[in-house]
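Reader: I would like to learn how to read a fold from its numbers. Where do we begin?

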Amino acid sequence: MEPELFYWLGAATALAALVVSAIGIRSENFPPSGRALFGVVGLFVFLVLGSTTYAVVNARDEQEKHRAELAAEQEQAGAEELQAGETGTEGPITGDEGAAEAAGAKEEAVDAGTVSMTEYAFGPDSVTVKNGDTITAENEGETVHNLTVFDGGDELEGTDDVDPGQSADLEVDLDPGTYEMICTIPGHEDLGMAGDFTVE
């Protein structure tokens, strides 16, 4: 939907409120009839419902657009991998070699005590720490994120909301076990911002 429509609806609502207020102040007999009152109420209901509907539909469109962009990126990565295989160049590492490299990267990230947060993923998305460790959640994205640890539906601990380019520390005080880490900003978990949080 056109973003300008939301501003037009908001401006129309504000203008209608000012006009009705001005008429009501100057006229003691406003509204002059039940039909006029019904019309005024109907106008405001239309404007408010229009604004609300626009906001909901626009948010849904943005989410679908983001999912489409992610799908396009994955498709492009697959095409590049196929092209690399056909030309004999080095493509993405797979199999045991890829698993070993991924394990090394994960270990390095944990040793460094840093978890990155972007749109919409943790890096790494599987963290192993010890009780008493302090990890740093760095927001490398362009919107607010946080790292929150859950056990089922119970929130155990987490960082404050972190602005883009900023970071926050989380001191681990949990019993050994595997938990879930998510970003609790509305919608971020649904877009893939979740992972495993293991305490040894």
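**Reading the fold**

Author: Begin with burial. Of the 200 residues of this protein, 24% count as buried. Keep in mind that the model is predicted.

Reader: How much surface does the protein expose, and which atoms supply 52% of it?

Author: The exposed area is about 13,100 Å². Carbon and sulfur atoms supply 52% of that area.

Reader: What about the contacts between residues far apart in sequence?

Author: Take the contacts in the protein with a separation of 6 or more. Residues 24 or more positions apart account for 56% of them.

Reader: How many helices and strands are there in the protein?

Author: Three helices and nine strands. Along the sequence, the pattern reads α-α-α-β-β-β-β-β-β-β-β-β.

Reader: Now the sheet. What order do the five strands of the open sheet have?

Author: Read across the sheet, not along the chain. The order is β3-β9-β8-β5-β6, and the pairing is mixed. The edge strands are β3 (126-129) and β6 (154-158), and each pairs on one side only. From one strand to the next, the twist averages 30 degrees.

Reader: Take me through the pairs. How many bridges join β5 to β6?

Author: Four bridges join β5 (residues 148-151) to β6, and the two run antiparallel. One residue pair to look at: D151 has D154 in β6 as its bridge partner.

Reader: And between β5 and β8, over how many bridges do they pair?

Author: Three, again in the antiparallel sense; β8 covers residues 177-182. Here V149 has M181 in β8 as its bridge partner.

Reader: Which residue in β9 is the bridge partner of M181?

Author: G195. So M181 links to V149 in one direction and to G195 in β9 in the other. Strands β8 and β9 (residues 194-199) are joined by six bridges and run antiparallel.

Reader: Let us close on one residue. Where does T159 lie?

Author: In the loop between β6 and β7 (167-171).

Reader: Is T159 buried or exposed?

Author: Check the relative accessible area against the cut-off. Buried means under 20%. T159 has 10%, so T159 is buried.

Reader: Which residues is T159 in contact with, leaving aside its neighbours within four places in sequence?

Author: The list is A137, N146, L147, A168, D169 and L170. Find T159 in the loop between β6 and β7, then look for these contacts around T159.

Key:
Residues numbered from 1 in each chain as written. Predicted model: local features only at pLDDT ≥ 70, side-chain atom pairs only at ≥ 80, totals over all residues. Heavy atoms only, no water. Pairing = 2+ DSSP bridges. Axes fitted to C-alpha atoms, helices over the stretch in contact; angles between N-to-C directions. Buried < 20%, exposed > 50% of the residue type's maximum accessible area, 1.4 Å probe, protein only. Contact = heavy atoms within 4.5 Å. Areas by Shrake-Rupley, 256 points an atom, 1.4 Å probe, with all protein chains shown as cover.
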